[in-house]
Structures are given as structure tokens and as C-alpha cells.
Amino acid sequence: MQPSAPQYAERLTVPRSWWVVTALVAVSGGLVMLPLGVLPMLGGVIGAGALASALVSSYGSARIRVMAGSLVAGDARIPVSALGEAEVLDAEQARAWRFHKADPRAFMLLRSYVSTAVRIEVSDPDDPTPYIYLSTRDPEALAAALTAVRAA
């Protein structure tokens with residue numbers, strides 16, 4: 001495997017139900033413009049649909065990758081050498097770390113529609129971030145990829 005090839009890659013896409021809501025927002029935009037005529041109604045459908053689609057698509061474009069000795073989560077790029085062990089969190093544990101166990105100094109890439117997560121200790125003494133919390137649909141695979149990169 002090439003060093004630059006990702007050992008793990010995931011995109012935190014939104015659930016299908018969010019796209020149904022996006023279509024309903026487009027219809028609502030058309031209904032708001034309906035009293036002004038057919039062309040404004042079509043403009044309302046297109047405008048509201050495009051805006052809602054852009055918002056949903058951008059929110060669901062967050063990526064998590066393990067590649068070239070680094071963990072890339074959203075805009076953050078962290079060398080695996082600065083990370084400790086990864087803890088796989090089931091839905092109940094992930095909810096606890098999102099709420100009452102959460103540390104405000106932690107780096108969190110969370111999505112409410114993804115129930116499982118990984119919590120990774122930050123071992124760099126110069127970094128004030130205590131841990132990284134990442135929502136992921138496959139926490140075991142992410143933890144295994146981090147362990148494999150650390151061992152290599």
C-alpha cells in the first residue's frame with residue numbers, strides 16, 4: 001500500500017430523511033411564492049431547493065481519513081504520533097461523551113445522526129486538547145487503522 005493511500009476513509013453523509021425534508025423545503029418555497037404567479041413559484045421551488053440542498057450537502061461532507069501517518073478529521077490534521085489509544089464508543093457511551101462527560105477543550109467532530117464514535121487521547125504534552133471525539137459509523141475500523149499506522 002502506498003503511504004499516501006488512505007488506510008481508512010469515511011464521509012459522514014446525512015441520512016436519506018434529511019433529503020426528504022430538503023424536498024419539502026423546496027415545495028414550501030414554491031408555495032410561498034405561488035400568490036405571485038407560476039414563474040415566481042418555480043423560482044421559489046428552485047431557490048429554496050438549491051439553498052436547502054447546499055446546506056444539507058455541506059453539513060454531510062465531513063470526512064475522516066487515516067493517511068500518510070496522520071488522522072484527518074474535517075479541517076484538522078493530527079499526526080498519529082501525537083495520539084494515544086483509540087476508545088471505541090457504543091451509542092450509549094458516545095452520548096455520554098457528547099454531553100455530561102464532554103470536556104470543552106476537546107476537538108469534536110460530531111454528527112447527531114451517527115450514534116457511535118471513537119474517543120482518542122492526545123498524548124502530546126504541548127497540546128491542551130485532552131482528546132479527540134469523532135462520530136463514525138465504523139468505530140472498530142477507525143481504531144484498527146490508527147493502531148496499524150502507529151505500529152508501522
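Where does Arg 119 sit? Arg 119 belongs to strand β7, and we'll come back to its surroundings below. A quick heads-up before you look around: this is a predicted model. The tour takes in an open sheet in the order β1-β2-β3-β4, another open sheet in the order β5-β7-β8-β6, and helix α4, which spans residues 139-151.

**The sheet with β1**

- Four strands make up this open sheet, lined up as β1-β2-β3-β4 with antiparallel pairing.
- The edges go to β1 and β4 (76-79); each has a single partner strand, so one side of each has no neighbour in the sheet.
- On average, neighbouring strands here are turned by 10° against each other, if you ignore direction.
- Four bridges link β1 and β2, which pair in the antiparallel sense.
- Tyr 8 has Val 66 of β2 as its bridge partner, and Glu 10 stands opposite Ile 64, also in β2.
- Side chains alternate as you walk along β1: Tyr 8 and Glu 10 are buried and point to one face, while Ala 9 and Arg 11 point to the other face and are not buried.

**The sheet with β5**

- This open sheet also has its strands listed in order, β5-β7-β8-β6, and here the pairing of the four is mixed.
- β5 and β6 (107-109) take the edges, each with a single partner strand, so one side of each is left free of a neighbour in the sheet.
- From one strand to the next, the twist averages 15°.
- β6 and β8 run parallel and are joined by three bridges.
- Look for Met 108 opposite Tyr 133 in β8.
- Helix α3 (residues 91-98) packs on this sheet and touches β5, β6, β7 and β8. The direction of α3 makes about 120° with that of β5.

**Helix α4 and what covers it**

- With 13 residues, α4 reaches 18 Å from its first C-alpha to its last, close to the 18 Å expected at 1.5 Å a residue.
- Which residues of α4 are buried? They are Pro 139, Leu 142, Ala 143, Ala 145, Leu 146 and Val 149.
- Those buried residues cover an arc of only 160° around the axis, which puts them on the same side of α4.
- There's a general rule worth knowing here: an α-helix has 3.6 residues a turn, so residues three or four places apart point the same way.
- Turn to the face of α4 that points away from its buried side, and you'll find the exposed residues Glu 140 and Ala 151.
- The cover over the buried residues of α4 includes β1 (8-11), β2 (63-67), β3 (70-73), β5 (83-89), β7 (117-122) and β8 (131-135).
- α4 lies across β1, β2 and β3, running at about 30° to β2.
- α4 also lies across β5, β7 and β8, and there it runs at about 160° to β5.

**Back to Arg 119**

- Is Arg 119 buried or exposed? Its relative accessibility is 10%, so Arg 119 counts as buried.
- The side chain of Arg 119 makes a polar contact with that of Glu 121, at 2.4 Å.
- Leaving out residues up to four places away in sequence, Arg 119 touches Glu 85, Ala 86, Glu 87, Leu 89, Trp 97, Tyr 131 and Ile 132.

Conventions:
Residues numbered from 1 in each chain as written. Predicted model: local features only at pLDDT ≥ 70, side-chain atom pairs only at ≥ 80, totals over all residues. Heavy atoms only, no water. Helix = DSSP H or I, 4+ residues; strand = E, 2+ residues; numbered from the N terminus. Expected span 1.5 Å × (residues − 1). Buried < 20%, exposed > 50% of the residue type's maximum accessible area, 1.4 Å probe, protein only. Arc of directions from axis to C-beta. Contact = heavy atoms within 4.5 Å. Pairing = 2+ DSSP bridges. Polar contact = N/O pair within 3.5 Å; in protein donor to acceptor, adjacent residues only side chain to side chain. Axes fitted to C-alpha atoms, helices over the stretch in contact; angles between N-to-C directions.
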